[in-house]
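Hi there,

Here is the structure I promised to pass on to you. Open it up beside this email and have a look around while you read.

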Amino acid sequence: MAANTADREHRSTKTPALGLRLLLLAALSVILLVVDHRQNHLDAVRKAIGATVYPLRVIVDAPVSSWRWFRENTATRNELLLEMSRLNAERLLTHARLQRFTALESENARLRAMLDATGKVRDQVQVAEIMSVSANPFRHILVINKGSRDGVFNGQAMIDADGVVGQVIEAGLLSSNGVLISDPDHALPVEVNRNGLRTIAVGTGDFDRLELPFLPNNADIELGDLLVTSGLGGAFPPGYPVAIVDSVTRIPQGPFAEVTARPAARLNQVREIMLIWSAAKEDPADATVPAAEETASPEPEPTGGDN
Amino acid sequence: MNASRRLPVLICIIVALTLAIVPMPDWASPYRPDWAVLTLIYWSMSMPRTYSVGTAWITGIVLDVAHGTLLGQHALALAFVTYLTTKFHLQLRVFPMSQMTATVLALLAIYQFILFWINGVAGTYADAVAYWGPLISGTLLWPLVAHFFSGIRYRNTRTS
């Protein structure tokens with residue numbers, strides 16, 4: 001009762017101040033929105049607030065990670081044996097494939113040397129664990145447990161065992177945010193593995209679908225074509241699988257065909273991703289090769305994603 | 001007395017923020033309620049002098065960072081919804097539950113509209129279901145949420 005009367009007393013003096021406060025905060029929000037949308041000046045602010053959100057993420061992740069720990073520690077002998085034999089078989093298979101790969105790699109290096117082109121350098125990778133995937137349907141953001149302390153930088157490519165997952169957009173100190181290739185704002189320069197046709201894969205907000213919006217109706221693209229990174233955007237090293245074309249609709253009256261592709265990486269199922277340190281990026285001589293190819297393509301050079 | 005009154009509400013807001021980033025199965029995630037809005041509507045309605053636009057704005061900024069959206073987007077939407085709630089808190093308090101739920105539906109719609117509007121200006125588009133999902137689930141959950149919070153509030157005022 002007492003609180004109620006106190007409220008009524010203060011209401012008349014409080015109401016105008018409230019509107020003023022809202023006005024100030026709204027103005028502040030708009031300034032933040034504009035500055036944040038235009039440039040990256042607010043990275044430091046984001047980092048600072050991100051550090052306060054970090055404990056929340058650890059709390060959210062705790063049940064999942066403790067359940068995994070529990071599962072790993074209580075697995076039966078039988079399960080472990082099965083798992084071991086499965087992994088052994090897988091290892092044999094990959095080894096067999098790798099033998100051929102070594103031969104191919106040396107052949108490739110030899111041919112490149114004959115052509116006087118720069119050799120491809122192997123990329124360095126590091127495994128990072130995913131702490132959370134953003135629930136927001138407009139932004140497909142994931143948080144990984146590696147930050148700038150581990151050498152993560154903005155724009156770094158992230159892959160999983162099957163293909164490209166996304167790229168780092170904010171490298172924090174202990175954790176980093178990455179954007180998935182399925183994010184509606186993300187565009188990724190790709191090429192068709194079969195014939196080298198270059199285009200752009202744009203995210204749709206759906207984990208299972210990418211769009212290729214800039215392909216003319218007569219483009220040589222078929223169901224089942226594998227799309228790999230072309231490396232032209234600068235963010236992703238070339239040659240990593242991105243998606244497999246799963247529908248091609250040619251529209252006779254329109255300028256472009258409707259082509260969609262299914263990402264090769266399982267974007268909503270991964271727990272671990274690999275961060276790539278591409279060694280080829282620092283090599284300035286490498287830039288001459290794609291530049292010569294560029295003239296053949298009418299496509300504009302896209303950025304590797306939004307800021 | 002003041003600190004012991006504030007602590008439970010602070011915990012409620014932190015829990016709401018945690019629920020906002022907790023992973024959910026694919027089919028359910030479009031229907032994730034906006035826990036932060038529901039929490040702030042309740043507390044700014046029942047304790048408008050302690051919790052109003054300022055608290056909402058700070059919560060919104062943290063939500064922006066957690067979701068990776070533009071800084072200020074959730075902050076602006078939350079501050080505006082909280083402003084409306086604070087302004088009409090005396091009317092809201094005496095509403096029967098059905099009428100209050102309808103008002104909450106309207107407030108949630110305003111919240112989603114501001115988010116939609118900023119997304120549109122910034123050039124981010126998504127399916128319409130992404131805007132309707134939280135609206136439906138939030139409205140359906142409101143009676144439960146209000147009941148839960150009033151339990152906390154009653155215990156709180158009685159002990160202090």
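Below is what turned up, starting with one chain as a whole and ending with the contact between chains. Please keep in mind that this is a predicted model.

**Chain A overall**

Chain A has 307 residues, and 30% of them are buried. You'll find 4 helices and 12 strands in it. If you take the contacts in chain A with a separation of 6 or more, 60% of them link residues that sit 24 or more positions apart.

**The barrel**

Now for the strands. In chain A, 6 strands close into a barrel, and going round you meet them in the order S1-S2-S5-S4-S3-S12, with antiparallel pairing. On average, neighbouring strands of this sheet are turned by 45 degrees against each other, ignoring direction. Helix H2 of chain A packs on the sheet, where it touches S1, S2 and S4 of chain A. The direction of H2(A) makes about 70 degrees with that of S1(A).

A good strand to zoom in on is S5(A), residues 176-180. How many of its residues are buried? The count is 5 of 5, so to speak a mostly covered strand. Ser176(A), Gly178(A) and Leu180(A) point one way from S5(A), while Asn177(A) and Val179(A) point the other way.

S5(A) has these partners in the barrel:

- S2(A), residues 141-144, runs antiparallel to S5(A) and is joined to it by 4 bridges. Here Val143(A) stands opposite Asn177(A).
- S4(A), residues 164-171, pairs with S5(A) in the antiparallel sense over 5 bridges. Look for Gln167(A) opposite Val179(A). S4(A) and S5(A) form a hairpin, with 4 residues between them.

Elsewhere in the barrel, S3(A) (residues 157-159) and S12(A) (residues 272-277) run antiparallel and are joined by 2 bridges. The bridge partner of Ile159(A) in S12(A) is Met274(A).

**Where chain A meets chain B**

Next, turn the model until you can see both chains. Here 39 residues of chain A are in contact with 41 residues of chain B. Which parts of chain A each supply at least two residues of the side that touches chain B? They are helix H1 (2-38), helix H2 (43-74) and strand S1 (124-133). H1(A) gives the most, with 14 residues. By type, the residues on this side of chain A divide into 20 nonpolar, 11 polar and 8 charged.

H2(A) is worth finding in both views: it packs on the sheet, and it also supplies residues to the side of chain A that touches chain B.

Have fun exploring!

Definitions and conventions
Residues are numbered from 1 along each chain as its sequence is written. Chains are lettered from A and ligands numbered from 1 in the order in which they are written. This is a predicted model: local features need pLDDT of at least 70, side-chain atom pairs count only at pLDDT 80 or more; totals for chains, interfaces and linings use all residues. Two residues are in contact if their C-beta atoms, placed from the backbone, lie within 7 Å. Ala, Val, Leu, Ile, Met, Phe, Trp, Tyr, Cys and Pro count as nonpolar, Asp, Glu, Lys and Arg as charged, and the others, Gly among them, as polar. A residue is buried if 20 or more other C-beta atoms lie within 10 Å of its own, exposed if 12 or fewer, and partly exposed in between; C-beta atoms are placed from the backbone. Two strands pair if DSSP finds at least two bridges between them. Axes are lines fitted to C-alpha atoms, for helices over the stretch in contact, and angles run from 0 to 180 degrees between N-to-C directions.
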